[in-house]
Number of protein chains: 2
Amino acid sequence: MPNSLQQTKYHHGDLKRAILDETARILREEGESALSLRRLAANLNVSRTAPYNHFKNKEALLSAIAEEGFLRYEAAMKAAQKRCRKLGGRDQTYAVVRAYIDFARKNREYYDLMYGSKSWHCADPQESLAVTARGILRADVERLKRRQTLGKINPNLDVSRYVQVYWGTLHGISRLLLDGVYTDSASIKKLCDTTADMLWQQLDPG
Amino acid sequence: MPNSLQQTKYHHGDLKRAILDETARILREEGESALSLRRLAANLNVSRTAPYNHFKNKEALLSAIAEEGFLRYEAAMKAAQKRCRKLGGRDQTYAVVRAYIDFARKNREYYDLMYGSKSWHCADPQESLAVTARGILRADVERLKRRQTLGKINPNLDVSRYVQVYWGTLHGISRLLLDGVYTDSASIKKLCDTTADMLWQQLDPG
DNA sequence: CCACGGATATTGACGGTGTCAATATTGGAT
DNA sequence: ATCCAATATTGACACCGTCAATATCCGTGG
């Protein structure tokens, strides 16, 4: 027993969870450059190499955060879609645009890692992050194709191609906002309006 | 004299230029994680702190690379615009889309740093990088406004807003390509086609 | 009930990194 | 020819990621 006065036990109990949460906290509150495994461990009153029992290395930890981000993203978008399914048409498109950009802004510590993580380049297609993320993209394509079959959107549209462009648009605007290139956050509503107009124009069946 | 057999002089001559070029080379050929000031200096046969005479710190060096990227970007886009000014209409939009994405792909070591660099967040609006970059964006807005006055594009379009969306779209698609999210580089032409269709639809005066 | 094995945590060590301070060398203006 | 500002160097320090060897703990089968 190292120190009987200390209430901390040798085994943490749920260190993996604690690591993920504390990492997200550091990223959100202090930025990526402030994240080191050693500080992380110290904050959790744990030795510097303890995290290595749960993550192969720092990159794997960041990858896990990214994956968690995709799960949160999926949940947020599903909720938004349910919330405004009845709207239909341009307003529904606006709601989705808005939900995407809001998610990115409210979860930047996750969003920053979701793309740009090296797992995407990895040759191994089994890679957990890429599998999760690609599944989510594919689901988007399927959802639109279903609406297309129902005659709710332009039947001539190449949906797969459209989704690539539409995802790119939302991702790009989010990145420019997060990176401080677009600073006027007061005009986000207008920005989303213009975006939604453009995207809906592609979907509009009539 | 440190070593009379060595032909290297105490003063390098044009170390600043050499640092910028070697940094770009390392980034391109070995990736950002392989870049350290010490290795950089070693490659140039110079002591580890020599670069500090030319750049305040590592971040400033990366910022300088980013700024160089914006200058290259400006040149590339100007050339593309001159090359296809006569096309007009959708084809001209396609050419611009294509030029943007090609630039990003061919200059990823610069492109990666142009956005995402911390200089953007910097409160100081005098910051060289942000000034350069915002000037380039502004020029884009002016160019479109001129075409609008000439009746070449939709007079009802809010150009400033449109440019934000259009820049976002191109940036987002480029990032997804660079980050390996979109892997099918064979279909880039089609991707650009869809993008150009969508963007031109906004500009089309009638 | 206990012993034991796998999961989990620890300390020690190593090489690498950014950057400051103090010092040395140089080339060009006076 | 001399002095100064620009440029380069060595030394030092505090961090960092990660490996190897070791310690501790908990659950499970005997």
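**Entry 1: two helices that cross**

I began with α1(B) and α3(B) in this predicted model, and asked at what angle their axes cross. For helix α1 (residues 15-30) of chain B and helix α3 (residues 58-83) of chain B, I found a crossing of roughly 85 degrees, with the axes coming within 10 Å. Angles of 65 to 115 degrees count as roughly perpendicular, and α1(B) and α3(B) are therefore roughly perpendicular to each other.

Next I looked up which residues meet there. From α1(B) I noted I19(B), L20(B), T23(B) and A24(B), and from α3(B) L61(B), A64(B), I65(B) and E68(B). Sorted by class, this contact of α1(B) with α3(B) has six nonpolar residues, one polar and one charged.

**Entry 2: how the chains meet**

I turned to the contact between the chains. There, 28 residues of chain B are in contact with 28 residues of chain A. Which helices of chain B each supply at least two residues to the side that touches chain A? I wrote down α7 (159-178) and α8 (188-203). Of the contributors, α7(B) gives the most, with twelve residues. By class, I listed this side of chain B as eleven nonpolar, twelve polar and five charged residues.

**Entry 3: how the copies are related**

I then asked what turn lays chain B on chain A. A turn of 180 degrees does it, with a shift of 0.0 Å along the axis and an RMSD of 0.1 Å. The two copies are thus related as by a two-fold rotation axis. I also checked the interface residues: 100% of those in chain B are interface residues in chain A too, so the copies meet through the same surface.

**Entry 4: a look at α7(B)**

Back to α7(B), to check its length. Its 20 residues, at 1.5 Å a residue, should span 28 Å, and the end C-alpha atoms are 28 Å apart, which agrees.

Is α7(B) largely enclosed or largely open? I found that 16 of its 20 residues are buried, so the rest of the structure largely encloses α7(B). After this helix comes G180(B), and I noted its positive phi, near 80 degrees.

**Entry 5: K9(B)**

Last, I picked K9(B), in the segment before α1 of chain B. Is K9(B) buried or exposed? I noted 8 C-beta neighbours inside 10 Å, and 12 or fewer counts as exposed, so K9(B) is exposed. I also looked up K9(B) and T194(B), which lie 185 residues apart along the chain. Their C-alpha atoms are separated by 56 Å.

Key:
Residues are numbered from 1 along each chain as its sequence is written. Chains are lettered from A and ligands numbered from 1 in the order in which they are written. This is a predicted model: local features need pLDDT of at least 70, side-chain atom pairs count only at pLDDT 80 or more; totals for chains, interfaces and linings use all residues. Two residues are in contact if their C-beta atoms, placed from the backbone, lie within 7 Å. Helices (H or I, at least four residues) and strands (E, at least two) are DSSP runs, numbered from the N terminus. Ala, Val, Leu, Ile, Met, Phe, Trp, Tyr, Cys and Pro count as nonpolar, Asp, Glu, Lys and Arg as charged, and the others, Gly among them, as polar. Axes are lines fitted to C-alpha atoms, for helices over the stretch in contact, and angles run from 0 to 180 degrees between N-to-C directions. Angles under 35 degrees count as roughly parallel, over 145 as roughly antiparallel, 65 to 115 as roughly perpendicular and the rest as oblique. Copies are superposed by least squares on the C-alpha atoms of residues with pLDDT of at least 70 in both. The expected span of a helix is 1.5 Å times one less than its number of residues.
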